[in-house]
Amino acid sequence: MTETLPDTSTAAHEYPSPRAAGCPFDPPPALRALQAERPVSRVRIWDGSTAWLVTRHDQMRALLGDPRISADATRPGYPHSSPGTQASSRVRRTFLVMDDPEHARLRRMVTAPFAIRKVEALRPAVQRTTDDLIDALLAGPKPADLVEAFALPLPSLVICALLGVPYEDHDLFQRNTRVIVSRSATPEEVVTAQQALTEYLDDLLTVKRAHPADDLLSRLAAERVNTGELTRREAAQMGVLLLSAGHETTANMIALGTLALLENPDQLALLRDAEDPKVVAGAVEELLRYLTIVHSGRRRVALEDIEIGGEVIRAGDGIIVAGDIANRDPEAFPDPDRLDLTRDARRHVAFGFGVHQCLGQPLARVELQVVYSTLYHRIPTLQLAADVDGLPFKHDGLIYGVHELPVTW
Amino acid sequence: MRVEVDQPRCVASGQCVLAAPEVFDQDDDGIVEMLADHPEPDQHDGVREAVAICPAAAIRLVRE
């Protein structure tokens, strides 16, 4: 296989660029070249505009922690990920694309259930759900699609219980979320999916106001909407964000993580035989680093001139921070392309960095720790029932993964 | 070693609690709370890790 590396001396390469054939877990070769030769450089995105691409681990952390950048998607110069995300930013505003102090005010309304103590209390329920799904998988026909039978239902069931969303509606929210995270969906498709989810959550909040239960949506309705702190629409959009982000990301980590482990049997054996929860927790961090499923770059815009990596990012310039290649930075992680479950990977940036770092990360950690320590232990003969190169990878997704994962045992 | 936390900056990622559970806790909203502002020497590594992984730079070490 021959690869043509880009000439990094000229301005504005296309972003994103494709992964190399046969390397489904590795970031695109073009990003490697940029990280080595010009870690802060201009790239051209889908709409023809240019933005700064940041590829080093230390620069990513410095920049995402810098108050001179904005996450406000309505600012001129903001480099949208796709036509769909651009269109959706006009109709939907969540704290994900706002700056402090408004961002902090809204985010803090929903942090409580994700505190470590609260998610630890969910661990037994996550374990039961995991075991039930594995029981059903083993009782069903083989080969089976691990995504549909396990990876997608597990986090969906967990986030549904936390938010107070009826799981029987999973087809509706999973289907619309798939559209929202697809880079190739049209603006109309994305906006329609967004509206369908917002209306669904709005209806649900109305039910919760009348019949409160012990869940996050009920608390949002009672403590924020009824008090006038949030409009119904804001609360519904917040619900959409939590519901979508709460299942799609973890589902991809479960399926893609399983594939990566099946392709690295020595590492799979290490995890399967692990009895120390610390070993499992460390393995989760390494899989988060190695896979970095948020592979489309985190988007920002500069509020002031910022000097970084020998370049000057001007006020108003768009910025894309590429966590997938930052997590393969040899300066931060020796031998970065090796999946090594025993390394200390805690400084990875798979959840982002700065004030927008993933809100649900404690829950994701508990889910992944339970899943990875249970699935291969209970199905030690788990194997792929398809050719790796023929698998449908989510190359066009804002979040990476596999659409399906045929397995047998 | 003395540790200071800046609660208004905290974004409730919970990582300090995972890195040094004897030193950091969270309130009902997930915001950082100190359990020990003068941690024992065997907790210093955990505290340094917490400082490094805090996404919001809400933890500071003060030399005394």
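A residue is called buried when its relative accessible area is under 20%, exposed when that area is over 50%, and partly exposed in between, the calculation using a 1.4 Å probe and protein chains only. The structure described with these terms is a predicted model, in which local features need pLDDT of at least 70 and side-chain atom pairs count only at pLDDT 80 or more, while totals for chains, interfaces and linings use all residues. Residues are numbered from 1 along each chain as its sequence is written, chains are lettered from A and ligands numbered from 1 in the order in which they are written, and side-chain values use heavy atoms, with hydrogens and water left out.

With 10% relative accessibility, A:Phe25 counts as buried, and its ring is a good place to begin. A pair of aromatic rings is described by the distance of the centres and the angle of the planes. Rings of Phe, Tyr and Trp (for Trp, the six-membered ring) pair if their centres lie within 6.5 Å, and planes under 30 degrees apart count as stacked, over 60 as edge-to-face and the rest as tilted. Over all chains, a search of the whole structure finds 3 aromatic pairs. In one of them, the ring centres of A:Phe25 and A:Tyr290 are 6.1 Å apart and the planes stand at 40 degrees, so this pair is tilted. Because A:Phe25 lies in the loop between strand 1 (13-14) and helix 1 (29-37) of chain A, whereas A:Tyr290 belongs to helix 13 (residues 277-291) of chain A, the pair ties together parts that are 265 residues apart in sequence. The helices (H or I, at least four residues) and strands (E, at least two) named here are DSSP runs, numbered from the N terminus. A:Tyr290 also counts as buried, at 7% relative accessibility.

Another aromatic pair is formed by A:Phe393 and A:Tyr400, and this one is stacked, with 6.0 Å from centre to centre and 15 degrees between the planes. Both A:Phe393 and A:Tyr400 are buried. The ring of A:Tyr400 has a further partner, since the charged end of A:Arg19 sits over it at 3.6 Å from its centre. A charge is said to sit over a ring if NZ of Lys or CZ of Arg is within 6 Å of the ring centre and within 35 degrees of the ring normal. Elsewhere in chain A, the charged end of A:Arg42 sits over the ring of A:Trp52, 4.7 Å from the centre of that ring.

The backbone deserves attention next. Most residues other than glycine have a negative phi, and most peptide bonds are trans. Against that background, the peptide bond from A:Tyr15 to A:Pro16 is cis, with omega near -5 degrees, and A:Pro16 is found in the loop between strand 1 and helix 1 of chain A. A cis peptide bond also joins A:Asp100 and A:Pro101, with omega about 5 degrees, and A:Pro101 lies in the loop between helix 3 (83-91) and helix 4 (102-107) of chain A. A:Thr292, although not a glycine, has a positive phi of about 30 degrees; A:Thr292 lies in the loop between helix 13 and strand 6 (298-302) of chain A and, at 2% relative accessibility, counts as buried. In chain B, B:Ala12 has a positive phi of about 60 degrees without being a glycine, is placed in the loop between strand 1 (2-5) and helix 1 (15-19) of chain B, and counts as buried at 3% relative accessibility.

Charged side chains come last. Side chains of opposite charge can pair when their charged atoms come close. A salt bridge is a side-chain nitrogen of Lys or Arg within 4 Å of a carboxyl oxygen of Asp or Glu, and the structure holds 32 salt bridges over all chains. In one of them, A:Asp66 and A:Arg68 meet at 2.8 Å, N to O; A:Asp66 is buried, with a relative accessible area of 14%, whereas A:Arg68 counts as partly exposed at 28%. The side chains of A:Arg314 and A:Asp305 meet in a salt bridge at 2.9 Å, N to O, and here A:Arg314 is partly exposed at 46% relative accessibility, while A:Asp305 is partly exposed at 37%. A:Arg338 forms a salt bridge with A:Asp335, their closest N and O atoms being 2.9 Å apart. In addition, A:Asp26, A:Arg32, A:Arg328 and A:Asp337 are joined into one network by salt bridges that share partners.
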